[in-house]
4 protein chains.
Amino acid sequence: MSSMTGNKIKISVFGQSHSKGIGVVIDGLPAGKKIDMEKVLKFMDRRAPGKNSLSTPRKESDTPEILSGLVNGNTCGAPLCMVIYNENQHSADYSNIIDTPRPSHADYSAYIKHNGFNDISGGGHFSGRLTAPLCFAGAICMQFLEDMGIEIQAHIQKIKGVYDDKIDYVNIGKWNTAEKSFPVINDEKGKLMIEEIEKAGADGDSVGGVIECAVTGVKAGFGEPMFDGIENRLAKNIFGIPAVKGIEFGNGFEVADLYGSENNDEFCIADGKIKTKTNNSGGINGGITNGMPIVFRTAIKPTPSIFKEQESVSLEKMTEEKLQIKGRHDPCIVQRAVPVVEAVTAITILDILM
Amino acid sequence: MSSMTGNKIKISVFGQSHSKGIGVVIDGLPAGKKIDMEKVLKFMDRRAPGKNSLSTPRKESDTPEILSGLVNGNTCGAPLCMVIYNENQHSADYSNIIDTPRPSHADYSAYIKHNGFNDISGGGHFSGRLTAPLCFAGAICMQFLEDMGIEIQAHIQKIKGVYDDKIDYVNIGKWNTAEKSFPVINDEKGKLMIEEIEKAGADGDSVGGVIECAVTGVKAGFGEPMFDGIENRLAKNIFGIPAVKGIEFGNGFEVADLYGSENNDEFCIADGKIKTKTNNSGGINGGITNGMPIVFRTAIKPTPSIFKEQESVSLEKMTEEKLQIKGRHDPCIVQRAVPVVEAVTAITILDILM
Amino acid sequence: MSSMTGNKIKISVFGQSHSKGIGVVIDGLPAGKKIDMEKVLKFMDRRAPGKNSLSTPRKESDTPEILSGLVNGNTCGAPLCMVIYNENQHSADYSNIIDTPRPSHADYSAYIKHNGFNDISGGGHFSGRLTAPLCFAGAICMQFLEDMGIEIQAHIQKIKGVYDDKIDYVNIGKWNTAEKSFPVINDEKGKLMIEEIEKAGADGDSVGGVIECAVTGVKAGFGEPMFDGIENRLAKNIFGIPAVKGIEFGNGFEVADLYGSENNDEFCIADGKIKTKTNNSGGINGGITNGMPIVFRTAIKPTPSIFKEQESVSLEKMTEEKLQIKGRHDPCIVQRAVPVVEAVTAITILDILM
Amino acid sequence: MSSMTGNKIKISVFGQSHSKGIGVVIDGLPAGKKIDMEKVLKFMDRRAPGKNSLSTPRKESDTPEILSGLVNGNTCGAPLCMVIYNENQHSADYSNIIDTPRPSHADYSAYIKHNGFNDISGGGHFSGRLTAPLCFAGAICMQFLEDMGIEIQAHIQKIKGVYDDKIDYVNIGKWNTAEKSFPVINDEKGKLMIEEIEKAGADGDSVGGVIECAVTGVKAGFGEPMFDGIENRLAKNIFGIPAVKGIEFGNGFEVADLYGSENNDEFCIADGKIKTKTNNSGGINGGITNGMPIVFRTAIKPTPSIFKEQESVSLEKMTEEKLQIKGRHDPCIVQRAVPVVEAVTAITILDILM
């Protein structure tokens, strides 16, 4: 099994980059919630391509069509199915890579798994385009979470050595990245990041980055020990986003350089409530929320589609071959992945809270 | 749900640090495999405490008793249940922390989740002691994997700024860490790490570290797209190990500082097979193995049980309180967590390959 | 969770009777199988309404549209999504039952579950129309099973006291019910059943029946003990068909009147293979196939939509009310449920065999 | 996977008839519930053998030992593990059936599945003895259900043509079968059933029967559409009880002989609440509870272990052989299966309600 996940809120993602349609079924949404579709579209727009000079000029018409699950705009308890019909396909661009897999793409591993019957066009089911349904599902889930006083926000923490402002994990505040075309907290840092992206793009190359996400408003006591904790379930789903190669919570990998006395979050009483003075744990102890903000970071690798000539092989001839990737590809997808991280987080957290 | 995981090979872990017994049920093992119990015990011994000056002097008698699932030493297709009876319990040591949660432990979050009925003694179900059944299950699974030509090995990559030797992800080689009391590749680096641990211990403090794990021998084509890929499933299970705060595959978080042209793994033909020249992807593309070694690192936080006085609160009185942790605690658990990472990896990989 | 099922072959059914579309996502199909779409359509046609005097005159245009998962007619490993767009909707017919639930329909239980936000039109997600996607998924799975030499066939065993011919569970033979408009083995018995249906229809009433299904070609040794046996999994899925109220395997409920010496299936050697002389076990012992045909029967209740005036209540006024159901309803759905039983069986068996 | 089931309340059953121990892990029980262990033992005693002339003279010492999950008699949120150590094993009795499978047992199907490595002694993991852990788990779950005002009771509905009193599915009443050594409502009918059992036993034969179970106190609105309804989930788990060959809800298979006007449950107002005048649906519509009692029946086949000589085969020699089963076997297990049906129902219903 593969493109389904969840326990109470289950999602089933379908589609290939160039199939007739892509979409998602969301099963388990409580009935009676009025969905603000404007807000959903606005959210989805954040990941849409073609918005600025950094992303692909091709225009996706990502208009989601609801096939089921809503009656008069309200959830009705039946699975909600949404489809986006694919229009602007350039399958011809992929003719050369059927036999010559692109380095660090899923071309080769999928070829082996599917005996050469995998859909190579546009990356098939592995395409970043499949994150559009994830954003749709996440935007829906987020509206349920908002009713519970829960807020999810993400920002680019780093691109090619350039860091955004450091976050205070105890007081998350408002980042307003949802309103920005380039989702950083400090726009000056954002400009430097954009410079790096443009430089890489000019070289026919690409860059990756780190996205940081915070969830506020989740009370203490959610999550399960061992294999069904918050970290387990977020990790399982976040790795469902193409190009993710790592996830860390709170201090993450930095813990390897700290003493326990530095890393431990001491308790205090604030506003009549039990809190921790620091939040190096990222809001989770023993897999269970402690009431502090949930904070994690995820590593996004550089887009593997680069225009520099690369070494590959002919699968049929078993010979080494040069590969020149054609078509239109973003030199960086980190900025577009920011809402995707928020979306997958929303899907996961709602599933946990139900 | 919580302490069960797996699709084809399912494990169910039970027990608390001071309950009558701890153990695991392994469901789905193929019948007819002769289990080498000596080898299992030897593997379990690697995580056992009291082996050297670095770990707790208390002696666990971790003798696993098989209740079911084996007939004449062979798996018989029925669930294999193993129990370790707890003997040496000092519940009195935990009397003060019932009301005063230890910073960065699960004491508080579990207290809230379980309305104060969580078992606090020795950390209850959240105790590192529960990794003994994981090691047992992993050692069993590893024997099945060995028959398939698959090898799993882990080493301490870093403790408090001291790095072990860098790994060549293309040619993993033999690390021999299973034979060492301190599982590093370069023993000189190990000595420096031990110095750091001892220094922290002398200060009543603790240190964390990073464990690196490699799986060799898995053919290309295993794993599923999106939510059931190798990364998703390893991450879900690895976060089941106490103190894990991050996981990264291949280049991991370093991808944020690399160009696509640096991070991409170009293909080549070697020994008549398709390989990649580098293995920055850690053996996985699109969630599916590409035939190269699977490589990941996981961050282990410093033991939260330190002897330095810390700030906590009284849950009953809602007042701030000083906390002095008593008992016996390791200044570092990273070295003992190395076989645990191997074990959980074995459980996960066998589940995926079945 | 609800309308998803399966372990390796997962299906996710969506849609309401009068939503924009209904359909199914099939996740986990092996890549590289050429789907015979003609055959799929022919199979779906068997459950389609309006074929004869017994079923509703309304014409469903059940043309399945493939959104994803096929490339050049071959499965490609990506989830296969199929949609049927709803056209001929008479939502007005349901205006009176929003407040006055129909006896033995899901109107009331769904109203309570979904706080009155359930989609009542045409039965919403509970409509028999949702069996069209099940038939589609089943027809696809059946093509994979045929490659393995497995055949699934069902017939009406009984309607209102009239029995079809008795089956020899050891030698199933060919029933050819797929080619008949009324799927019985003995057409004479079929005529008598039709008379009963027409009589009930003339009275504004309805009748139920029993469907018998046989699966041949499954080798011994499939299925799991206890909760994941063939019976468990078939039962779980077969109860997903609307109106099913019972399932029994082999001799089923008749076992209560038999001696062990009558019910036991003695072994013999036939054609050089181990077989049983009788097949009262329906091909399953201990949840695991024994190589004999899998045989089960399932009870289908009379269509609850009858035209006779019935007692109901006003949910808003909490008063007892008379109810007169309008619209077009079949006096019997058993004949249309026959391919649905085959379809769900195919989905389940393929999932088990993968 | 096999001997694990459940979503929120998960159970993992382990053990073979003659392994060192058998038992169950229950994962997901809410913390803070004081378990009445006396009551649990009393419940388990209902299925214990050797109580009267009808069941095996061998004495099981079914003393459950709690390994984890309870602190001072309260659930603590950690998985509850219970073990029963096996003592009185007569493995020698099974020497002849290793090669000569017993008709209608799992001997042959398990032999094929497990390549001859299945544990044949006492039936191994397929033994009725494994229902002891199920009863333990059910008795625990029942105490949680009682707190919610939910009651589960079962009785023998039929043995070899002798029926117990007919139940009024609208007003279930108190059956008091838990207090009886032979769990029928009408003891006179019970005597007739016992006569049938004794007669079969005297002939070296066995008889089966039907168990009827009712659940009262579950409010309307629980359960999910399609594959996760009450019927689906009860059926999946009830078929986990050895010897079960059928399950039917409400009118069950009788629906095939009824008109819709006879089978439909008309609504009424009673005691200010919405009820149905009849309960032919067995409390479930569209998979969801309607507030009426949940009623189902399950068919238990005659014990396949009979003392009459039977035809079998030699698996090694591939020759037909006579088989004479030795040892001690009940001529009827229906009476002992009654608490097992209640137990599995309790496990399932608690899982659904959580």
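This tour moves from the contact between two chains to individual strands inside them.

The model is a predicted one, in which local features need pLDDT of at least 70 and side-chain atom pairs count only at pLDDT 80 or more, while totals for chains, interfaces and linings use all residues. Residues are numbered from 1 along each chain as its sequence is written, chains are lettered from A in the order in which they are written, and side-chain values use heavy atoms, with hydrogens and water left out.

**Chains B and D**

Select chains B and D together: a rotation of 180 degrees with 0.0 Å of shift along its axis superposes chain D on chain B with an RMSD of 0.0 Å, the fit being by least squares on the C-alpha atoms of residues with pLDDT of at least 70 in both copies. The two copies are thus related as by a two-fold rotation axis. Centre next on D:Ser12, whose C-alpha, at 3.5 Å, comes closest to that axis among the residues of chain D. The same surface serves both copies, since 100% of the contact residues of chain D recur in chain B, where contact means heavy atoms within 4.5 Å.

Now select the contact itself, which takes 41 residues from chain D and 41 residues from chain B. Between them the two chains bury about 3000 Å², 64% of it on carbon and sulfur atoms; this area is the accessible area (1.4 Å probe) lost on putting the two parts together, summed over both. There are 2 salt bridges between chain D and chain B, a salt bridge being a side-chain nitrogen of Lys or Arg within 4 Å of a carboxyl oxygen of Asp or Glu. Show B:Glu65 and D:Lys20 to see a salt bridge with its closest N and O atoms 3.1 Å apart. On the side of chain D that touches chain B, β2(D) gives the most, with 5 residues; strands (E, at least two residues) are DSSP runs, numbered from the N terminus.

**Strand β10 of chain B**

Select residues 209-216 of chain B, strand β10, of whose 8 residues 7 are buried (under 20% relative accessible area, 1.4 Å probe, protein chains only), so that the strand is largely enclosed by the rest of the structure. Strand β8(B), residues 151-159, pairs with β10(B) in the antiparallel sense over 8 bridges, pairing requiring at least two DSSP bridges, and B:His155 stands opposite B:Glu212. With β16(B), residues 294-300, β10(B) pairs in the antiparallel sense over 7 bridges, and there B:Val295 is the bridge partner of B:Ala214.

**Hairpin in chain D**

Finally, select β17(D), residues 310-314, and β18(D), residues 319-323, which pair in the antiparallel sense over 5 bridges. In their hairpin, which has 4 residues between the strands, D:Met318 takes a positive phi near 55 degrees.

Conventions:
Buried < 20%, exposed > 50% of the residue type's maximum accessible area, 1.4 Å probe, protein only.
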